[in-house]
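Student: Could you take me through one part of this structure in close detail? I would like to see how a single strand sits among its neighbours.

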Amino acid sequence: MSSLVAHLLNSVQEMAILYRMQNFQELADRILRGYQCTEEEALHLLKCSDGDTFDLVSAAARLRRHHFGNAVKVNYLVNLKSGLCPEDCTYCSQRLGSEADVLKYSWISSEEAVRQAGFGISSGATRVCMVASGRGPSERELQRVTGTVEALKAEYPHVEVCACLGKLKEGQAEQLCQSGVDAYNHNLNTAESHYGNICTTHSFQDRVDTVEQASAAGLSLCSGLIVGMGETDGQLVEAVMALRDLDADSIPVNFLMPFDGTPLAGHWTLTPLQCLRILAMVRMVAPEKELRIAGGRELHLRSLQPMALHVANSLFLGDYLTSEGQGAREDLQMIRDGGFEVLGAETHGGAGDFEGVPAGGVAVAVAPRHRGVGTSAAPNA
C-alpha cells in the first residue's frame, strides 16, 4: 500500500470518528446498548471544542442517570496520619522533602478517628475513607487501622469504610477485609507512560499489584486519577483505559492542587470546560462505575461544579487530606439545588432531608447599593 493511500485511509477513518463524535447522543445510545468506547473515540471526546462541551455533558448525563438516577454518593475523608511520607510523588504535599505548609502529625487515636468520621456521617456520608500517609503499613500500623474500623462499624454499622494505606504486604488486604473494610483505594494517578515523570520511589506496576491484591481479597476497588500533571490527552485516555481493564468499582478524579513547596507548584493548566470533558470521557469509557469529583474540584471546575454532578455521581464532602474544601453545607446545597438526592440518606438518616438546607427561595437580606453611580464609592466593576 502506497504512503498516499495509507494517508487517505487514515484520513477517512479519522473523519468517520469525527462524524460520530458530532452526535454525542448517538455514542451514548450505543454505549447504553453495550458498546465499549474505544481509545480513539475517547481521545476525540477530550478534543471536542468548548462550544460542544455541554452537548458532550448532556450525552454523558444520560449514562449517569441510567445507572445512578439522581443519587449522589457522599464520601468523607479522615486523615489518620498526615505528612512525612518517604515517597517522592511530585504532586503530593506530604511527599519526601515537601516544603508545603500542611499539617504533620502521627497516628490519631481510634476514638478521635471515629469522632471525626461522625461529623461526615451526620451530614449524609455513607462511606468514610480512612487514609494514612506512607509507603505502606507495618503490621503494627495495620492492627491500629483494623481496630479503628471495628470501632467505627460498632458505632455506625451501616457506614461503608474505604482504606487508603499505600502498598500492601501479603495478607494485609485479607486482614482489612476481615475487620470490616469494604473497599480499598489505591489510585493509578496517571498513565504508565507518564508515571516516571511524577514518581521514582515506586512504579506504576507497584500500584497495579496493590489494586489486584485488594481485589483478590474481596475488597471493592477504588482507583482513579490526578489530572493536570503535564500528561497528554493520549496519556489521560491510556490511564482511564487501564482503570477500565482493572474493573475499578469507583473512580475518583482529582484535579491537581499545585501546593507551594512541591515540584508542581504553580502548575495551573486546567480549565473548567476541560475538566468537564475529562469527566464526560471517563463516564463514556466506564458508564456503570461510580465516578467521583474529588480533590481540587473547587479550584478547577469553579462555577461549573454543579454541572459536573450531571456526569459524576459521587463527591467528597468538606475538606481533603491537607487542604480545605468547599463548606459541607455548600456541598449539600449544591446537591439539592441540582435536583439530586444524597444516596442512602433516607435509610440511614443524616442529611437525607437536607436539614437546614433550603429547598426553595432563600430568605436572605437584599443588600442595597451604596457604591458606584450616585455615590463617592468605587463601583463593583
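Tutor: Happy to; what follows is a walk around strand S3 and its partners. This is a predicted model, in which local features need pLDDT of at least 70, side-chain atom pairs count only at pLDDT 80 or more, and totals for chains, interfaces and linings use all residues. Residues are numbered from 1 along each chain as its sequence is written, and side-chain values use heavy atoms, with hydrogens and water left out.

Strand S3 spans residues 160-164; helices (H or I, at least four residues) and strands (E, at least two) are DSSP runs, numbered from the N terminus. Four of the five residues in S3 are buried, meaning under 20% relative accessible area with a 1.4 Å probe and protein chains only.

On one pairing, S3 meets strand S2 (residues 127-132) in the parallel sense, over five bridges; two strands pair if DSSP finds at least two bridges between them. Within this pairing, Val 131 stands opposite Cys 164. To get from S2 to S3, the chain passes through helix H6 (residues 139-155) in a right-handed β-α-β crossover: with the strands pointing away from the viewer, the path from the first strand over the helix to the second runs clockwise.

S3 also runs parallel to strand S4 (residues 183-185), joined by two bridges. Here Ala 163 stands opposite Tyr 184 of S4. Helix H7 (residues 172-179) carries the chain from S3 to S4, and this β-α-β crossover is right-handed.

Definitions and conventions: Buried means under 20% relative accessible area, exposed over 50%, partly exposed in between (1.4 Å probe, protein chains only).
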